[in-house]
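Please open the model in your viewer with the cartoon shown and side chains ready to be switched on. The tour below goes stop by stop, naming what to select and then what is found there.

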Amino acid sequence: MKPPLSSSSSVVLRKTRFSPYLFTLLAFIVFVAILYGEDFMCILGQLEPSPGRVISKPVEKRPKLAFAIGKGEEGCDIFSGRWVRDELTRPLYDESECPYIQPQLTCLEHGRPDEDYQKWRWQPHGCDLPSFNATLMLETLRGKRMMFVGDSLNRGQYTSMICLIHRLIPDDKKSIKTYSHDSLTVFKAKDYNISIEFYWAPFLLESNADNAIVHRISDRVVRKGSINKHGKHWKGVDILVFNTYLWWMTGLEMKVLEGSFEDDDKKIITVSTEEAYGMGMRSMLRWVRRNMDRKKTRVFFTSMSPTHAKGIDWGGKTSENCYNQTTMIEDPNYWGSDSRKSIMKVIGEVFSKSKYPITFLNITQLSNYRKDAHTSIFKKQWNPLTPEQLANPASYADCVHWCLPGLQDTWNELLFAKLFYP
């Protein structure tokens with residue numbers, strides 16, 4: 001038999017007995033401390049997270065692109081779609097009322113009998129392109145410079161842009177001049193303090209085809225690592241639109257100069273076209289990274305503009321080309337020459353490594369369908385045509401360049417969409 005507890009022992013027992021309410025409160029505090037205590041301490045900066053514990057971090061927001069005023073529809077590829085006939089809104093301007101179109105692009109003035117090529121609008125699958133707003137473009141460009149850099153195809157896109165906006169500017173408040181032996185063309189809107197420019201650099205790198213007037217050279221050579229030769233003229237630009245493609249297409253190989261064109265003993269190597277083109281793309285990206293401010297500027301690259309010189313590509317006759325073509329190619333899978341696929345692959349590989357956000361304007365596929373939109377024979381001929389040429393118009397048809405107004409206005413609608421609604 002156990003001895004009875006003393007009175008003093010009973011007092012101690014009563015003092016150590018916990019209230020059930022107090023116990024519940026303490027248990028809750030311990031539970032919360034175990035579950036959230038480390039996060040609280042991390043927030044207060046008093047404790048580093050344990051190596052074995054994963055702390056959720058807030059999602060880092062991608063910086064807003066310069067000039068963006070909205071966002072494009074989720075999941076919409078504006079470069080994938082179809083052409084629809086639109087006689088209500090097309091063309092976006094008249095050929096006769098835009099005095100800036102070069103005579104090699106004014107097809108109606110040079111006798112083209114049909115105007116159907118002007119009546120088509122690009123319709124993306126599942127969404128719509130925002131309508132080109134010339135007022136918005138002018139107001140956004142106020143006090144800024146926009147420059148197109150590349151070859152004559154990019155000059156056509158540049159001209160299209162001027163034609164799309166110039167009607168809002170009084171005649172005495174706009175001007176256009178050429179500089180640097182015609183390498184630089186500058187359109188200015190005085191009241192807006194806007195400068196829209198085109199710079200001739202068909203390879204972007206220095207080459208033996210850099211003369212903006214005399215450049216028809218079959219034995220083309222580009223100089224390695226020479227982008228600053230032209231790049232010094234691009235500094236300070238707010239919106240830059242590059243293109244380069246056609247001049248690289250001299251065959252399977254390209255000549256590259258290591259050294260200077262001034263050297264007496266020139267070292268020229270021969271590499272594959274794809275390797276040379278990749279070299280040019282990497283040089284462009286390096287220049288952009290070092291000279292453009294991603295918070296204030298935007299850079300675009302227009303993909304390859306297709307040619308339609310071989311009718312056999314779209315199921316026509318071997319002797320056919322774009323001459324006398326008034327309808328487009330309806331096969332949605334039509335691609336054309338396989339050489340463009342290898343160049344597109346190079347672009348994809350190089351651009352995927354870029355640390356600067358460059359917007360890719362993929363105009364290749366949608367332009368592939370438009371064998372009807374080339375200038376063909378309806379342009380200014382700089383040299384007298386021979387009797388043989390006159391007897392066979394297809395022999396001198398230009399299946400590279402595009403009539404204005406026309407296809408290249410759509411290129412600028414895509415540029416507008418990506419500039420303001422990326």
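How far apart should the ends of helix α6, with its 19 residues, be at 1.5 Å a residue? Bear in mind throughout that this is a predicted model. Select residues 273–291, which make up α6, and take the distance between the end C-alpha atoms: the expected span is 27 Å, and the atoms are 27 Å apart, so the two agree.

Keep α6 selected and turn on its side chains. Among the buried residues of this helix are T273, A276, Y277, M281, M284, L285, W287 and V288, and the glycines G278 and G280 are buried as well. As a guide to reading such a list, residues three or four places apart point the same way, because an α-helix has 3.6 residues a turn.

Next, add the sheet against which α6 lies. Three strands form this open sheet, in the order β7-β9-β10, and their pairing is mixed. Strands β7 (221–223) and β10 (267–272) stand at the edges, and because each has a single partner strand, one side of each is left without a neighbour in the sheet. On average, neighbouring strands here are turned by 35° against each other, direction ignored. Helix α6 packs on the sheet and touches β7, β9 and β10, while its direction makes about 110° with that of β10. To look at one pairing in detail, select β7 together with β9 (residues 253–258), which run in the parallel sense and are joined over three bridges; V221 can be found opposite K255 of β9.

From here, move to the nonpolar interior. Which residues have the most contacts inside the largest nonpolar core? That core has 97 residues, and the ones to select are W234, L240, F242 and M284, of which M284 was already met as a buried residue of α6. Centre the view on W234: leaving aside neighbours within four places in sequence, W234 is in contact with M147, V149, Y199, A201, L204, I227, L240, F242 and W287. Another core, of nine residues, lies apart from the largest one and includes Y117, C322, F378 and C399.

One of the contacts of W234, L204, deserves a stop for its backbone. L204 sits in the loop between β6 (194–200) and β7, and has a positive phi of about 70° although it is not a glycine. Most residues other than glycine have a negative phi, and most peptide bonds are trans. L204 is buried, with a relative accessible area of 0%. S376, in strand β13 (residues 374–376), likewise has a positive phi, near 55°, and is buried with a relative accessible area of 3%.

Two peptide bonds are worth selecting next. The bond from R90 to P91 is cis, with omega near -5°, and P91 belongs to the loop between β1 and β2. A cis bond also joins L404 and P405, with omega about -5°, where P405 lies in the loop between β14 (398–402) and α10 (407–420).

For the last stop, go to Q102, in the loop between β1 (81–85) and β2 (120–124). Is this residue buried or exposed? At a relative accessible area of 17%, Q102 counts as buried, because the cut-off is under 20%. Its contacts, apart from neighbours within four places in sequence, are with R155 and T159, and the side chain of Q102 makes a polar contact with the side chain of T159 at 2.9 Å.

Conventions: Residues are numbered from 1 along each chain as its sequence is written. This is a predicted model: local features need pLDDT of at least 70, side-chain atom pairs count only at pLDDT 80 or more; totals for chains, interfaces and linings use all residues. Side-chain values use heavy atoms; hydrogens and water are left out. Helices (H or I, at least four residues) and strands (E, at least two) are DSSP runs, numbered from the N terminus. The expected span of a helix is 1.5 Å times one less than its number of residues. Buried means under 20% relative accessible area, exposed over 50%, partly exposed in between (1.4 Å probe, protein chains only). Two strands pair if DSSP finds at least two bridges between them. Axes are lines fitted to C-alpha atoms, for helices over the stretch in contact, and angles run from 0 to 180 degrees between N-to-C directions. Contact means heavy atoms within 4.5 Å. A polar contact is a pair of N or O atoms within 3.5 Å; within protein, one must be able to donate a hydrogen and the other to accept it, and residues adjacent in sequence count only if both atoms are side-chain atoms. A nonpolar core is a set of buried Ala, Val, Leu, Ile, Met, Phe, Trp, Tyr and Cys residues joined through side-chain atoms within 4.5 Å.
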